[in-house]
Amino acid sequence: MSTITVNGRARPARPDLTVAELLREDGTERTGVAVAVDGALVHREQWATTVLRTDAVVEVLSPMQGG
């Protein structure tokens, strides 16, 4: 079975899954997060067109306060 890894958890991959669809399916709030795929930042404007390949490593990051 093909998978992608999202924040350290494997999940099934499917053809043509975009970053925007992934966030929607996972119920992730779309404001206030950044997304990196295979270590490269994906700009919000590209979420709807960035297709996740099999074995992609996705990190959904939210800002933290502190110092």
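This is a short walk through the core and the strand pairing of the structure above.

Okay, one thing before we start: we're looking at a predicted model.

Let's begin in the middle. The largest nonpolar core is made of 16 residues, and the ones with the most contacts inside it are Val37, Trp47, Leu52 and Val58. Where do the core residues come from? Two or more each come from β1 (3-6), α1 (19-26), β3 (34-37) and β5 (57-61). The largest share is from α1, with 4 residues. For general background, nonpolar side chains in soluble globular proteins tend to be buried together.

Now zoom in on Val58. Leaving out residues up to four places away in sequence, Val58 touches Thr5, Val6, Asn7, Leu22, Val35, Ala36, Val37 and Leu52. Val58 belongs to β5, where the side chains alternate. Val58 and Val60 point to one face and are buried; Val57, Glu59 and Leu61 point to the other face and are not.

So who are the neighbours of β5? On one hand there's β1, which runs parallel to β5 and is joined to it by 2 bridges. Val6 stands opposite Val58 there, and Thr5 has Val57 as its bridge partner. On the other hand there's β3, which pairs with β5 in the antiparallel sense over 4 bridges. In that pairing, Ala36 is matched with Glu59.

Let's move on to β1. Which of its residues are on the covered face, and which on the uncovered one? Ile4 and Val6 are covered, while Thr3 and Thr5 make up the uncovered face. Besides β5, strand β1 pairs with β2 (residues 9-12), antiparallel, over 4 bridges. One of the matches is Thr3 with Pro12 in β2. These two strands, β1 and β2, form a hairpin with 2 residues between them, and Asn7 in the turn has a positive phi of about 50°.

Last stop, and my favourite: Arg11, over in β2. Buried or exposed? Its relative accessibility is 17%, and because the cut-off for buried is under 20%, Arg11 counts as buried. What does the Arg11 side chain pair with? There's a polar contact of 2.7 Å between the side chains of Arg11 and Glu25. Again skipping residues up to four places away in sequence, Arg11 touches Ser2, Thr3, Ile4, Val6, Leu17, Leu22, Glu25 and Asp26. Notice that Leu22 is in that set, and that Leu22 also turned up among the residues touching Val58.

That's my tour, happy to take questions.

Note on methods: Residues are numbered from 1 along each chain as its sequence is written. This is a predicted model: local features need pLDDT of at least 70, side-chain atom pairs count only at pLDDT 80 or more; totals for chains, interfaces and linings use all residues. Side-chain values use heavy atoms; hydrogens and water are left out. A nonpolar core is a set of buried Ala, Val, Leu, Ile, Met, Phe, Trp, Tyr and Cys residues joined through side-chain atoms within 4.5 Å. Buried means under 20% relative accessible area, exposed over 50%, partly exposed in between (1.4 Å probe, protein chains only). Contact means heavy atoms within 4.5 Å. Two strands pair if DSSP finds at least two bridges between them. A polar contact is a pair of N or O atoms within 3.5 Å; within protein, one must be able to donate a hydrogen and the other to accept it, and residues adjacent in sequence count only if both atoms are side-chain atoms.
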